[in-house]
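Welcome, and thanks for taking a look at this protein with us. Here is a short briefing to help you find your way around.

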Amino acid sequence: MRTRIAAAALAAALTPLALTATAHAAPVAAAPWDFNGDGRADLAIGAPGATVAGKARAGAVSVVYGATGGPKTATRTLLTQNTAGIPGTAEADDAFGSALASADLDSDGYADLLVGVPGEDSYDTNNGTVAIVWGSKSGLSGARSLYSPFDTDYDRYGRTLTAGDLDGDGDLDVAAGSTGPVTLTLVNGPITRTSPPVGASGGRNSWWSSSAGVSHLSSGDVAGDGHPRVVLHGRTAHDGAAATGLADLKIGNYNDWLQKLPGGQVSAVGDIDRDGHADIVVGNDREASADAGGALGGKVTVVYGGPEGLAADRAPLVLTQDTPGVPGAAEKGDRFGSDVALGDVDGDGHADLVVGTAGENDSSGAVTVLYGSPSGLTTGGSTSYTQNTAGVPGGSEPGDRFGERVTLTDVTGDRRADLSVAAPGENSGDGAVWFLRGTATGPATSGSTSFGPAATGVSTAGTPGYGTALDS
């Protein structure tokens, strides 16, 4: 059963569908990204520009499984819409792998992978779809499509994704961003391999441009109550500036309760000061001339969490490459804040921050690591890495865009977050990914590795853009 909601109603509110979930015990979920249940995060890499069976930009996702010594490309799964069990067929411009998210949706002890396919044509041109690929002891296999309730009322559904108990009822849900009359869709859990849809809701905010839609999503327990809030990114309707808001999707009309955040294109959520409230880091890599909230060379803003969502007694921390202690200098086009990720690199219990600077040095790119503490994020001891850093494979070249995507996950299982960095422009658009192990003193260049699309079975025809999406 599907219930359609008129666009006029959606403009004002997130309106629930007629279907509702029955109450039941909360699931015990595996950690995100651990698809084979071995206690190590696995690395999912999107190449939405990949050619599949001669279809340009059909898209692919490589999953490289975690191991004690780091990711090994010999232990991998390649996913496309031509892979057995994956819904659909690889077609030109589907862009399978444009967005990635993970949660143990069916509560079987193995994390599942969500893959956005925003270019998919089904009810309409480019209305998009999302594939759920199921985890198991042997890794990822089998899939289903995520319930898509609004048919032609949106475009590019699945361009961004996040998952968790977003409506606070004990089941894991999925939120998907799109453009058009519906810019955010919440698909209610439980979501299993065979269950019919339980319900969904969708909406848009008149503050935001519907043509730009929701371009990025992240989520985390900002209020410290066990119920994650969602950070949404888009563009303002009146001037196209970056717009960022914090939403509680437990509230039916979340637009009436949306908390505005500093504008940016990307965000990450994690507990930097270890006070029980996750904090929000917003990256805005645009210049002030292109975005009213931008800055020379880009900027990153840390907003601390509190019982009401945002800490009322703490001012946001704004960082640029001109901030004392931050490596480098703010220069036009650096794109400091091209991506951000949070994770405990040094194992002290505080989330640390990695910032991508994909435009640094003629877009050869760089990343910066800053550390969490009981007082919040600090710049003391921060470090920067490029492909020219001793021990990092390769060499910096214009257009590589090293740091376009970054992530911090425990791939080795030692309870420290490891750094993975994507450079989608490497080798004229082939793309590549780097891995640096987390240690008590930060990411280690000794033993760091790098691999590109060919090493994981992705075609290098055209410009696959390997690493355009990276798990986070």
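Helices (H or I, at least four residues) and strands (E, at least two) are DSSP runs, numbered from the N terminus. With that in hand, Thr236 can be placed in the loop between strand 14 (229-235) and strand 15 (242-247). Please keep in mind that this is a predicted model, in which local features need pLDDT of at least 70 and side-chain atom pairs count only at pLDDT 80 or more, while totals for chains, interfaces and linings use all residues. Residues are numbered from 1 along each chain as its sequence is written, and side-chain values use heavy atoms, with hydrogens and water left out.

**The chain as a whole**

- The protein chain has three helices and 31 strands.
- Its radius of gyration (taken over C-alpha atoms) is 20 Å, close to the 23 Å that the globule rule (2.2 Å times the number of residues to the power 0.38) gives for 472 residues, so the chain is as compact as a globular protein of that length.
- The C-alpha trace spans about 60 × 50 × 40 Å along the principal axes of the chain.
- Of the 472 residues, 59% count as buried, where buried means under 20% relative accessible area, exposed means over 50%, and partly exposed lies in between (1.4 Å probe, protein chains only).
- About 16,400 Å² of the protein chain is exposed, and carbon and sulfur atoms supply 51% of it; these areas come from the Shrake-Rupley method with a 1.4 Å probe.
- Contact means heavy atoms within 4.5 Å, and among contacts between residues at least 6 apart in sequence, 55% join residues at least 24 apart.
- The chain carries 28 positive and 54 negative charges, and their mean positions are 3 Å apart. Lys and Arg count as positive and Asp and Glu as negative, while His and the chain ends are not counted. Each charge is placed at NZ of Lys, CZ of Arg, CG of Asp or CD of Glu.

**Nonpolar cores**

- In soluble globular proteins, nonpolar side chains tend to be buried together.
- A nonpolar core here is a set of buried Ala, Val, Leu, Ile, Met, Phe, Trp, Tyr and Cys residues joined through side-chain atoms within 4.5 Å.
- The largest such core has 22 residues, and Leu105, Leu114, Leu146, Leu161 and Val174 touch the most other members.
- Strand 5 (99-103), strand 7 (129-133), strand 9 (155-164) and strand 10 (173-179) are the elements that give two or more residues to this core.
- Apart from this core lies another, of 19 residues, including Tyr65, Phe96, Ala111 and Ala469.
- What does Leu105 contact, leaving aside its neighbours within four places in sequence? The partners of Leu105 are Asp112, Leu114, Ile132, Trp134, Leu172, Val174 and Ile191.

**Ile86 and Arg144**

- Ile86 sits in the loop between strand 4 (76-79) and strand 5, and is buried, with a relative accessible area of 7%.
- Not counting residues up to four places away in sequence, Ile86 touches Leu79, Thr80, Gln81, Phe96, Val133 and Ala143.
- Although Ile86 and Arg144 are 58 residues apart in sequence, their C-alpha atoms are 6.9 Å apart in space.
- Arg144 belongs to strand 8 (residues 143-145). Beyond neighbours within four places in sequence, Arg144 is in contact with residues including Pro87, Val130, Trp134 and Ser195.

**Two loop threonines**

- Is Thr236 buried or exposed? Thr236 counts as buried, at 6% relative accessibility.
- Outside the residues up to four places away in sequence, Thr236 touches Trp207, Trp208, Ser209, Ala241 and Ala243.
- Thr73 is found in the loop between strand 3 (60-64) and strand 4, and is partly exposed, with a relative accessible area of 23%.
- Leaving aside neighbours within four places in sequence, Thr73 is in contact with Val64, Phe451, Ala455 and Thr456.

**Backbone features to look for**

- Most residues other than glycine have a negative phi, and most peptide bonds are trans.
- The peptide bond from Gly189 to Pro190 is cis, with omega near 0°; Pro190 lies in the loop between strand 11 (184-187) and strand 12 (200-203).
- Asp362, in helix 2 (residues 360-363), has a positive phi of about 60° although it is not a glycine. Asp362 counts as exposed, at 62% relative accessibility.
- Asn427, in helix 3 (residues 426-429), has a positive phi near 55°, and counts as partly exposed at 46% relative accessibility.
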